[in-house]
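Here are my notes for you on this chain, written as numbered points. Keep the picture open while you read.

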Amino acid sequence: MSARNLFQLSSHKVFSRLSSTTAAKPPRVLITGGLGQLGTGLARELRKLHGEETVILSDIIKPEDEELAKGPFVFADVLDFKCLQEIVVNQRIDWLVHFSALLSAVGENNVPLAVRVNIEGLHNVIELSKQYKLKLFVPSTIGAFGPESPRDPTPNLCIQRPKTIYGVSKVHAELLGEYYHKRFNLDFRCLRFPRNHLL
């Protein structure tokens with residue numbers, strides 16, 4: 001099965017389960033890092049399910065006109081808690097999909113920035129999700145595993161020990177989301193994608 005088909009199948013399962021628990025009105029969805037590798041593809045699928053105006057892409061880069069024509073877009077810096085809070089309140093967000101992250105190559109070249117975006121940004125969205133009772137999805141990656149992890153097949157629960165700041169931040173996200181779920185009953189979902197998960 002191709003990485004694209006795996007992503008579509010996996011994300012369909014995650015979001016169809018979320019949809020089944022949603023009331024009659026369609027959810028209002030905010031996708032952070034929406035102009036990245038995964039955001040535009042997921043927005044397309046969710047807009048098919050729930051309508052163009054219900055899915056709001058956000059990012060810190062300027063979208064192409066073609067992308068703007070597909071549905072709402074807002075500027076959102078995940079490091080700016082107040083900015084995110086205004087979007088959640090003003091747009092009446094129900095679900096938050098957090099794709100904002102610096103990937104491995106970029107993160108390794110600027111570790112302090114990767115820590116801020118990948119970890120502090122996560123802290124902002126997880127706190128907002130708790131505060132406003134949002135459903136939160138944060139992708140993880142097989143990069144959350146390291147050379148010490150068992151292979152073929154790698155179990156879900158095992159030693160991870162990633163060797164990149166991106167992988168470390170994803171282990172952090174998995175554990176923090178699990179903690180917030182247990183401690184605060186946050187509806188947190190996480191799925192480990194393969195390396196080649198382009199849509």
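1. Let's begin with a term we'll need later: helices (H or I, at least four residues) are DSSP runs, numbered from the N terminus. That is how a label like α7 comes about, and α7 gives 3 residues to the lining of the largest cavity, the largest share of that lining. Do keep in mind that this is a predicted model.

2. Now the overall layout. You'll find 7 helices and 6 strands in the chain. Follow the sequence along and the order is α-β-α-β-α-β-α-β-α-α-β-α-β. Among contacts between residues at least 6 apart in sequence, 68% link residues at least 24 apart.

3. How much of the chain is buried? Of its 199 residues, 46% are buried. As for the outside, the chain exposes about 10,700 Å², and 55% of that comes from carbon and sulfur atoms.

4. Next, the inside. The largest nonpolar core is made of 23 residues, and L30 and L136 have the most contacts inside it. At least two residues of this core come from each of α4 (81-90), α6 (111-132), β5 (135-141) and α7 (165-184). Another core, with 14 residues, lies apart from it; I31, L35, L46 and L57 are among its members.

5. Try clicking on L30. Which residues does L30 touch, if you skip those up to four places away in sequence? The list is I56, S58, V74, I87, I93, W95, L96 and V97.

6. There is a bit of empty space, too. The structure has 1 cavity of 30 Å³ or more, and the largest cavity holds about 60 Å³ of space. Its lining is formed by H98, S100, A101, N118, L122, V138, S169, K170 and A173. Two elements, α6 and α7, give two or more residues to that lining.

7. While you're looking at α6, find N124, which sits in that helix. Is N124 buried or exposed? N124 counts as buried because its relative accessible area is 14%, under the 20% cut-off. Setting aside neighbours within four places in sequence, N124 is in contact with V78, L79, D80, F81 and L84.

8. Two loop residues deserve a look at their backbone angles. Most residues other than glycine have a negative phi. R92, however, has a positive phi, near 55°. You'll see R92 in the loop between α4 and β4 (95-98). Its relative accessibility is 64%, over the 50% cut-off, so R92 counts as exposed.

9. The other one is K133. Its phi is near 55°, again a positive value in a residue other than glycine. K133 belongs to the loop between α6 and β5. With a relative accessible area of 72%, K133 is exposed.

10. Last, the cysteines. How many disulfides are there? The count is 0, where a pair would need its sulfur atoms within 2.5 Å. Have a look at C83 and C190 while you're there. C83 is buried, at 16% relative accessible area, whereas C190 is partly exposed because its relative accessibility is 30%, in between the 20% and 50% cut-offs.

Terms used:
Residues are numbered from 1 along each chain as its sequence is written. This is a predicted model: local features need pLDDT of at least 70, side-chain atom pairs count only at pLDDT 80 or more; totals for chains, interfaces and linings use all residues. Side-chain values use heavy atoms; hydrogens and water are left out. Buried means under 20% relative accessible area, exposed over 50%, partly exposed in between (1.4 Å probe, protein chains only). Contact means heavy atoms within 4.5 Å. Accessible areas come from the Shrake-Rupley method with a 1.4 Å probe; for residues, only the protein chains shown count as cover. A nonpolar core is a set of buried Ala, Val, Leu, Ile, Met, Phe, Trp, Tyr and Cys residues joined through side-chain atoms within 4.5 Å. On a 1 Å grid over the protein atoms alone, a cavity is a set of points where a 1.4 Å probe fits but cannot get out, and a pocket is an open set with protein on both sides within 12 Å along at least five of seven lines; lining residues have an atom within 4 Å of a point. Grid points are joined across faces, edges and corners, and a volume is the space filled by probe spheres set on the points.
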